[in-house]
Amino acid sequence: MLFTHVAIAGLAHIDAPHALSSADINARLQPTMDRLGIKTDVLQDIAGIFSRRMWDDETQASDAATMAAEKALIDAGVPRDKIGLLVNTSVSRDFLEPSTASIVSGNLGLGENCQNFDVANACLAFLNGMDIASRMIERGDIEYALVVDGETANLVYEKTLTRLSDPGVTEEQFRNELASLTLGCGAAAMVLARAELVPDAPRYRGGVTKAATEWNTLCRGNLDRMVTDTRMLLIEGLKLAQKTFAAARLALGWAVEEMDQFVIHQVSRVHTDAFIKAFGIDPAKVLTIFNEHGNIGPASVPIVLSKLKEMGRLKKGNRVALLGIGSGLNCSMAEVVW
């Protein structure tokens with residue numbers, strides 16, 4: 001999946017408006033933790049997540065994705081009638097059907113010739129959406145594509161906190177569901193374009209993907225509940241990441257010291273530190289947001305990339321590595337040349 005004619009014409013993110021602190025969550029769960037004899041503050045001391053962002057309760061995934069899409073279209077300066085494809089990549093969704101993509105497309109007023117569909121692949125879906133759109137652009141099927149993601153965690157927090165506050169909850173149930181309380185809300189969108197139409201825009205080179213689907217039981221979630229084996233997810237995820245990184249070295253010519261920024265899908269402090277250590281990455285090249293935003297699923301990578309852009313930390317010619325692991329297990333690593 002390597003491309004020579006694909007560029008990032010526009011990029012934007014939306015931070016959800018309300019902060020929910022881990023201290024507030026711990027206070028609500030204190031009776032359960034006291035009863036079970038749990039003394040460790042997993043959310044803050046281990047995961048390193050002190051807060052996460054939440055939407056208003058009535059905000060749907062499509063609403064969040066639409067807000068980010070509007071901002072990305074403005075950033076790109078591309079008329080919406082030029083968009084030939086819209087891919088929604090959210091884990092969160094308004095309904096099982098119709099697709100959330102169709103709702104976002106309707107909200108944006110995109111035309112009848114714009115294909116639209118959802119792509120679901122846990123925390124890797126945004127990178128998958130970029131690759132699908134890029135293949136169509138590379139082939140000349142379309143000139144512009146819009147990839148969007150809106151993550152809403154309000155429901156899973158409400159239901160998980162209620163379950164974990166039940167007097168009958170066991171220590172095993174508590175620990176299995178605690179990862180749900182690391183999730184965060186947010187949205188991101190990217191306009192991809194035929195590079196010749198935006199010659200000064202950052203180039204998307206593409207990337208590599210590896211799978212270890214024998215581990216598909218390690219994290220399983222619905223909209224209101226997620227059960228995770230965090231220890232094995234980290235162990236097997238890192239093994240898969242090392243295989244994927246080796247493939248990226250061959251396909252993209254990666255050398256750790258030559259990359260200018262590493263945009264890592266951020267689950268927690270433990271996972272981020274393990275990634276940095278495993279590949280010998282300079283921590284100064286990794287913008288971390290998990291401490292204030294939690295795990296925003298597939299929106300995490302584009303949000304971090306957008307924040308780097310907003311902060312002025314991306315310079316012309318910078319090589320930016322995009323790294324993600326999704327439950328399943330799947331791993332993708334890709335490169336943007338700014």
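Q: What follows helix H8, and what is the sign of its phi?
A: This is a predicted model. In it, glycine 253 comes right after H8, and its phi is positive, near 70°.

Q: How many residues does H8 have, and what span would be expected of it?
A: Compare the end-to-end C-alpha distance with the expected rise of 1.5 Å a residue. H8 has 23 residues, and 33 Å is expected. The model gives 30 Å from the first C-alpha to the last, close to that value.

Q: Which residues have the most contacts inside the largest nonpolar core?
A: That core has 82 residues, and Leu146, Val191, Phe262 and Met333 have the most contacts inside it. Helix H8 (residues 230-252) supplies the largest share, ten residues. There is also a second, separate core of 37 residues, with Leu127, Ile137, Leu314 and Val320 among them.

Q: What does methionine 333 touch, leaving out residues up to four places away in sequence?
A: Its contacts include Ala241, Thr244, Phe245, Ala248 and Leu252. Trp254, Phe275 and Phe279 are also among them, as are Leu322 and Leu323.

Q: How many aromatic pairs does a search of the whole structure find?
A: Four. To classify a pair, look at ring centres and the angle between planes; planes under 30 degrees apart count as stacked. Take phenylalanine 245 and phenylalanine 279: their ring centres are 4.5 Å apart and their planes lie at 20°, so this pair is stacked.

Q: Which helices hold phenylalanine 245 and phenylalanine 279?
A: Phenylalanine 245 sits in H8 and phenylalanine 279 in H9, so the pair ties together parts 34 residues apart in sequence. Both phenylalanines are buried. Ring pairs also link Phe245, Trp254, Phe275 and Phe279 into a cluster.

Q: How are the faces of strand E11 read, buried or exposed?
A: Start with the general idea. In a regular strand, side chains alternate between the two faces of the sheet. In E11 (residues 261-264), Gln261 and Val263 lie on one side, with Phe262 and Ile264 on the other. All four are buried, and both faces are covered.

Q: Which strand do four bridges join to E11, and is the sense parallel or antiparallel?
A: Strand E12 (residues 319-326), and the two run parallel. As one bridge, glutamine 261 partners valine 320 in E12.

Q: In which sense do strands E9 and E10 pair, parallel or antiparallel?
A: E9 (residues 219-222) and E10 (residues 225-228) are antiparallel, with four bridges. Two residues lie between the strands, and together they form a hairpin. Glycine 221 has methionine 226 as its bridge partner in E10.

Q: Where is isoleucine 281 found, and is it buried or exposed?
A: Isoleucine 281 is in the loop between helix H9 (269-279) and helix H10 (290-293). Buried means under 20% relative accessible area. Isoleucine 281 has 4%, so it is buried. Leaving out residues up to four places away in sequence, it touches Val256, Phe262, Ile264, Phe275, Ile276 and Val286.

Q: How is asparagine 154 in helix H6 classed, buried or exposed?
A: Asparagine 154 is in H6 (residues 154-164). Its relative accessible area is 14%, so asparagine 154 is buried.

Q: What does the side chain of asparagine 154 reach at 2.7 Å?
A: The backbone oxygen of tryptophan 55. The asparagine 154 side chain also makes a polar contact with the side chain of aspartate 57, at 3.1 Å. Setting aside residues up to four places away in sequence, asparagine 154 touches Met54, Trp55, Asp56, Asp57 and Cys185.

Key:
Residues numbered from 1 in each chain as written. Predicted model: local features only at pLDDT ≥ 70, side-chain atom pairs only at ≥ 80, totals over all residues. Heavy atoms only, no water. Buried < 20%, exposed > 50% of the residue type's maximum accessible area, 1.4 Å probe, protein only. Contact = heavy atoms within 4.5 Å. Pairing = 2+ DSSP bridges. Core = buried A, V, L, I, M, F, W, Y, C linked by side-chain atoms within 4.5 Å. Expected span 1.5 Å × (residues − 1). Phe/Tyr/Trp six-rings, centres within 6.5 Å; stacked < 30°, edge-to-face > 60°. Polar contact = N/O pair within 3.5 Å; in protein donor to acceptor, adjacent residues only side chain to side chain.
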